[in-house]
Amino acid sequence: MADNFIYILSEDDIDDMFYNLCVEKLKGETYKLVPRRLRRGGGVSQVRRYLPFLLRDILHSGEVESTFFVIVLDNDRSPAHPAHHPIPHIAKLPKTERRKTCRFCELEKTALEILGADRNAWPIKGAIAVPVQMLESWLLLISNPEEYENEASLPLFAWKSMPLAKIYYAPREPENQLKDLAGIEKRKSGLASMEDFCLHCIEQLSPDELASLSPSFVLFKNQIDTW
C-alpha cells in the first residue's frame with residue numbers, strides 16, 4: 001500500500017502534531033508529515049506569510065497521489081464561519097479586535113485564488129481548520145465534555161493574565177481562560193507536557209461526539225470526509 005503524505009501549515013509544532021494525528025483518526029489511515037518549517041511558534045503572521053508559497057508549490061507540483069494538505073489558524077475571537085456573529089460585548093475591546101474578519105474565509109479565499117475556484121479540481125485535496133477560539137477549545141471538549149458542554153460555553157482568551165482579558169472582564173478579575181483550563185486538565189491527567197496532553201486527547205477523541213459540541217470541528221471534519 002502506498003504511503004499517504006500530508007502538508008500542515010500551522011502556528012506551531014504542537015498544532016502540526018495534533019492535526020496530523022487528528023486526520024489519521026478521522027480517516028483511519030496513517031499520514032507522513034511533510035515539514036513546512038516556520039520559526040518555532042511563528043503564530044498567525046507566519047502562517048499568513050507562508051500560505052501563498054505552500055499553495056504555489058502545490059499548484060506547480062501538479063496532481064500527486066495520496067498527498068493532502070491542512071492549513072490551520074486559531075480563530076482568536078474573529079467572527080466564526082458560517083454565521084459570522086461577533087463575540088458578545090466586543091465593543092469593550094480595542095478596534096484591532098473589532099475589525100477582525102472571518103479567518104476561515106480569509107484562508108479559503110487565498111486557496112481559491114491560487115489553486116482555482118473549483119475545489120474538486122485542486123491538484124491535491126486540502127482542508128482548513130479554524131478552531132473556535134483555538135486548539136485548546138477542542139482539547140477541553142475532548143478531555144472533559146461534561147464540564148465544558150460546548151464550544152459556545154468556553155472562554156474567549158488564551159490566558160486570564162492577558163491585558164485583553166482584563167479589559168473584557170473589567171471591573172471583575174478574569175476567570176481562567178483556555179490555556180489556563182487546558183493546563184488544569186493536563187495536570188489532572190497526570191501529564192508532563194502539552195505534547196503528552198494532545199496525545200491523550202487524540203486517544204480519547206470521538207469525532208462524532210466532538211462534532212456534536214463544536215461547529216468549528218464539524219467544518220474541519222466535513223472537509224476531511226471528502227478526501
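Reader: How many disulfides does the rule give here?
Author: The count is zero disulfides, where a disulfide is a pair of cysteine sulfur atoms within 2.5 Å. This is a predicted model, in which local features need pLDDT of at least 70, side-chain atom pairs count only at pLDDT 80 or more, and totals for chains, interfaces and linings use all residues. Residues are numbered from 1 along each chain as its sequence is written, and side-chain values use heavy atoms, with hydrogens and water left out.

Reader: Why is C102 without a bond to C105?
Author: The sulfur of C105 is the closest cysteine sulfur to that of C102, but at 3.4 Å it is too far for a bond. C201 is in no disulfide either, the nearest cysteine sulfur, that of C198, being 6.5 Å away.

Reader: Switching to salt bridges, how many are there?
Author: The structure holds 10 salt bridges, each defined as a side-chain nitrogen of Lys or Arg within 4 Å of a carboxyl oxygen of Asp or Glu. One of them pairs E106 with R48, with the closest N and O atoms 2.6 Å apart.

Reader: Which parts does that pair tie together?
Author: E106 lies in helix 4 (residues 103-115) and R48 in helix 2 (residues 43-61), so the pair ties together parts that are 58 residues apart in sequence; helices are DSSP runs of H or I with at least four residues, strands are E runs of at least two, and both are numbered from the N terminus.

Reader: And R103, buried or exposed?
Author: R103 counts as buried, at 7% relative accessibility, since buried means under 20% relative accessible area, exposed over 50%, and partly exposed in between (1.4 Å probe, protein chains only).
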